[in-house]
Amino acid sequence: MMDSTPDLSKKQVAANPGDHLANERTFLAWLRTSIALMGFGFVVVKFSLFIKQLSLALNEKVVLPGKGFSSAIGIALVAMGALLALLAYVRYRRTERQLLSQSYRPGFLLSFLLTSGIVFISGLLLWYLLPNL
């Protein structure tokens with residue numbers, strides 16, 4: 001005699017639409033973070049130029065470091081923002097595949113890389129700015 005009850009272990013259950021929307025919102029949040037990093041990098045690169053223009057406008061003599069690291073630090077921030085956007089897309093697609101196959105596992109690599117990069121560049125900024133106090 002055949003059993004007429006469906007086998008739930010073989011049934012492919014579709015992922016909740018809310019999970020897909022949450023994945024998309026997370027991706028967009030990562031993109032906003034990458035844009036903020038790139039914007040901050042731009043500001044860091046242009047900071048010494050701003051100080052020079054401000055000193056000219058106020059008719060004051062401001063001593064600027066000869067070859068500062070603000071350009072290198074700003075470019076590193078812009079590059080980190082661009083890399084973050086790429087890694088966010090890779091994470092988004094991986095999470096989407098996991099949601100569709102019902103095998104989602106959280107990943108911490110992107111968060112770790114971003115945190116490490118920001119701490120490193122913050123250290124560089126502190127090293128650059130502290131001697132000027």
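## A three-helix chain in a predicted model

The protein chain has 3 helices and 0 strands, and its elements follow the pattern α-α-α when read along the sequence. The structure is a predicted model, and every value given below is computed from it. Of the 133 residues in the protein chain, 23% are buried. Among contacts between residues at least 6 apart in sequence, 82% join residues at least 24 apart.

### The pairing of α2 and α3

Two packed helices are described by the angle between their axes and the distance between the axes. Helix α2, which covers residues 70–100, packs against helix α3, which covers residues 109–129, at an angle of about 175 degrees and with the axes 11 Å apart. Because angles over 145 degrees count as roughly antiparallel, α2 is described as roughly antiparallel to α3. On the α2 side the contact is made by S70, I73, A76, L77, M80, L84, L87, A88 and R91, and these meet L110, L113, L114, G117, I118, I121, L124, L125 and Y128 of α3. By class, the residues of this contact divide into 15 nonpolar, 2 polar and 1 charged.

S111 also belongs to helix α3, and its relative accessible area of 32% makes it partly exposed. Its C-alpha atom is separated by 9.8 Å from that of L84, although the two residues are 27 apart along the chain. L84 is itself one of the α2 residues in the contact with α3.

### Residues of α1 that reach other parts of the chain

Helix α1 spans residues 17–57 and contains S34. S34 is buried, with a relative accessible area of 1%, and, when neighbours within four places in sequence are left aside, S34 is in contact with G81, L84 and A85. L84 therefore appears both in the surroundings of S34 and, as part of α2, in the contact with α3, while S34 counts as buried at 1%.

N23 is another residue of helix α1, and at a relative accessible area of 8% N23 is buried. Not counting residues up to four places away in sequence, N23 touches Y92, T95, E96 and L99.

### The loop between α2 and α3

The loop between α2 and α3 holds Q102 and Y104. Most residues other than glycine have a negative phi. Q102 has a positive phi of about 60 degrees although it is not a glycine, and at 46% relative accessibility Q102 counts as partly exposed. Y104 is likewise partly exposed, at 41% relative accessibility. Leaving aside neighbours within four places in sequence, Y104 is in contact with T95, Q98 and L99, and its C-alpha atom is separated by 9.1 Å from that of R94, which lies 10 residues away along the chain. T95 and L99 are thus found among the contacts of Y104 and also among those of N23, a residue that is buried at 8%.

The accessibility values of the residues discussed here are collected below.

| Residue | Relative accessible area | Class |
|---|---|---|
| S34 | 1% | buried |
| N23 | 8% | buried |
| S111 | 32% | partly exposed |
| Y104 | 41% | partly exposed |
| Q102 | 46% | partly exposed |

### The second largest pocket

Rolling a probe the size of a water molecule over the atoms shows where empty space is left. The second largest pocket has a volume of about 180 Å³. Its lining consists of 17 residues, of which N23, T26, R91, T95 and Y104 are the closest to its centre. Both α1 and α2 supply at least two residues each to this lining, and the largest share, 7 residues, comes from α2. By class, the lining has 8 nonpolar, 5 polar and 4 charged residues.

Several residues described above return at this pocket. N23, from helix α1, and Y104, from the loop between α2 and α3, are both among the residues closest to the pocket centre, as is T95, which is in contact with Y104 and is touched by N23. R91, also among those closest to the centre, is one of the α2 residues that meet α3.

Terms used: Residues are numbered from 1 along each chain as its sequence is written. This is a predicted model: local features need pLDDT of at least 70, side-chain atom pairs count only at pLDDT 80 or more; totals for chains, interfaces and linings use all residues. Side-chain values use heavy atoms; hydrogens and water are left out. Axes are lines fitted to C-alpha atoms, for helices over the stretch in contact, and angles run from 0 to 180 degrees between N-to-C directions. Helices (H or I, at least four residues) and strands (E, at least two) are DSSP runs, numbered from the N terminus. Angles under 35 degrees count as roughly parallel, over 145 as roughly antiparallel, 65 to 115 as roughly perpendicular and the rest as oblique. Contact means heavy atoms within 4.5 Å. Ala, Val, Leu, Ile, Met, Phe, Trp, Tyr, Cys and Pro count as nonpolar, Asp, Glu, Lys and Arg as charged, and the others, Gly among them, as polar. Buried means under 20% relative accessible area, exposed over 50%, partly exposed in between (1.4 Å probe, protein chains only). On a 1 Å grid over the protein atoms alone, a cavity is a set of points where a 1.4 Å probe fits but cannot get out, and a pocket is an open set with protein on both sides within 12 Å along at least five of seven lines; lining residues have an atom within 4 Å of a point. Grid points are joined across faces, edges and corners, and a volume is the space filled by probe spheres set on the points.
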